[in-house]
Amino acid sequence: MSSPDPQVRAARNHSTPGGARGPVVAVTGAATGIGALLTERLAASEEVKQVVALDERRGECDAAQWHILDVRDPAIADKLRGADVVVHLALDLDLGSEAAARTAYNVRGTQTVLTAAAAAGVHRVVLCTSAMVYGALEDNELPLSEDAELRATAEATGVGDLLEIERLARRAPRAHPGLNVTVVRPAVLVGGTDTALTRYFESPRLLVVAGSRPAWQFCHVEDLVSALEYAVLEKVDGELAVGCDGWLEQEEVEELSGIRRMELPSAVALGAAARLHRIGLTPSPAGDLAYTMYPWVVSGSRLHDAGWRPRWTNEEVLAQLLEEVAGRHTVVGRRLGRKDATAAGAAGATVALLGAAAVVRRARKARRR
């Protein structure tokens, strides 16, 4: 077994400014997004001895020790030697990514990090998935406990990858005795994010499926980062759900946002979404709609029992989300240019896309004759 990275070894040999001898923490995906925010927070913490940052490019945190590599590279094991905790945040959940390539990156990357962490003697790995893994179902309890069954399917964007990551997390302690795995599952994430669920609020009308029972719970990225820090410092472990306290009913969302609803029958909405995705007009599969139809609110009881509290309320996060998406125009998950949006109008934009799906379908039938 090779010796720890010299700079990591040096970090282990000195105390933090407050005198504490905290953990050496490695963060993957450290250059951007949640990874960058967590890297900065941990590097500034007197409870953390050293931060080892790993990504395919260097980030802006000068206080971290950087290693530039792909997380699927087995050589990552050498970079993790001497670390106590690894937080794996190098995931591709981009709506524009090709599905097979995205899955290959997410699953293979997680497998490699877990195996490398075990080989390097790391005792804890923190993974981040989503509360979407619980599934959005009509009979879900409000709120769901962390121990609730994971009933999601792979029909929504990226959820299949997250379910596979959850499976790897459950299997890892058995495959690698002594390795502790903590999984953090945020609600609808807001704060510089771009997902099918944040794009829902870029629409000129909020699509509501007739007979559905939506319940909206958000999670600000700052609260996710603080929850990850709790996991890193071993203040809490296991499967953790994180989000704002409580939830908003659809009517409250419409009142707060000032965006009116457009209600469609289930068969029409789901059928149109499936057709539009199949012919490439929208990035979101029909499975994404379920998360705007039925509740998947989480309690976050384990974090609360450990003393953690969200700093943001659902109302505050929704207000920030609306500020972030102002000026963007999205219909059924597809971003429209300003000219397209102006020409289509409000509800007319949805009708235009539904009509486009029908036109393409008729054209294909005509070509087959």
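This note goes through the sheet, its helices and one loop residue of a predicted model.

1. **The sheet.** The model is predicted, and local features are taken where pLDDT is at least 70. Its open sheet has 7 strands. Their order is β3-β2-β1-β4-β5-β6-β11, and the pairing is parallel. The edges are β3 (65-68) and β11 (239-242). Each of these edge strands pairs on one side only. Neighbouring strands of the sheet are turned against each other by 20° on average, direction ignored.

2. **Strand β1.** How many of the residues of β1 are buried? The count is 5 of 5, so β1 is largely enclosed by the rest of the structure. Val24, Ala26 and Thr28 point one way from the strand. Val25 and Val27 point the other way. Buried here means under 20% relative accessible area. In the sheet order, β1 sits between β2 and β4.

3. **Pairing of β1 with β2.** These two strands pair in the parallel sense, over 5 bridges. For a register check, take Val27: its bridge partner in β2 is Ala53. Val27 is also one of the buried residues of β1.

4. **Pairing of β5 with β6.** Strand β5 covers residues 124-128 and strand β6 covers residues 180-186. They pair in the parallel sense over 5 bridges. Here the register can be read from Val125, whose bridge partner in β6 is Val181.

5. **Helices on the sheet.** Helix α2 (residues 33-43) lies across β1 (24-28), β2 (50-55) and β4 (85-88). Its direction is at about 165° to β1. Helix α4 (residues 99-119) lies across β1, β4, β5 and β6. That helix runs at about 180° to β4. Strands β1 and β4 are thus named for α2 and for α4.

6. **α2 against α7.** Helix α7 spans residues 221-232. The α2 and α7 axes come within 10 Å and cross at roughly 55°. The two helices are therefore oblique to each other. Their crossing is right-handed. From α2, the contact uses Ile34, Leu37, Leu38, Arg41 and Leu42. From α7, it uses Val221, Leu224, Val225, Ser226, Leu228, Glu229 and Val232. By class, the residues of this contact are 9 nonpolar, 1 polar and 2 charged.

7. **α4 against α5.** Helix α5 spans residues 159-175. Its axis and that of α4 come within 10 Å and cross at roughly 15°. With angles under 35 degrees counted as roughly parallel, α4 and α5 are therefore roughly parallel to each other. This crossing is right-handed. The α4 side supplies Arg102, Thr103, Asn106, Val107, Thr110, Gln111 and Leu114. The α5 side supplies Asp161, Glu164, Ile165, Leu168 and Ala172. The contact divides into 5 nonpolar, 4 polar and 3 charged residues.

8. **Arg309.** Is Arg309 buried or partly exposed? It is partly exposed, with a relative accessible area of 46%. Arg309 is found in the loop between α10 (301-305) and α11 (314-325). Its C-alpha atom is separated from that of Cys244 by 8.6 Å. Along the chain, Arg309 and Cys244 are 65 residues apart.

Methods
Residues are numbered from 1 along each chain as its sequence is written. This is a predicted model: local features need pLDDT of at least 70, side-chain atom pairs count only at pLDDT 80 or more; totals for chains, interfaces and linings use all residues. Side-chain values use heavy atoms; hydrogens and water are left out. Two strands pair if DSSP finds at least two bridges between them. Helices (H or I, at least four residues) and strands (E, at least two) are DSSP runs, numbered from the N terminus. Axes are lines fitted to C-alpha atoms, for helices over the stretch in contact, and angles run from 0 to 180 degrees between N-to-C directions. Contact means heavy atoms within 4.5 Å. Angles under 35 degrees count as roughly parallel, over 145 as roughly antiparallel, 65 to 115 as roughly perpendicular and the rest as oblique. A crossing is left-handed if the near helix is turned anticlockwise from the far one by less than a right angle, and right-handed if clockwise. Ala, Val, Leu, Ile, Met, Phe, Trp, Tyr, Cys and Pro count as nonpolar, Asp, Glu, Lys and Arg as charged, and the others, Gly among them, as polar. Buried means under 20% relative accessible area, exposed over 50%, partly exposed in between (1.4 Å probe, protein chains only).
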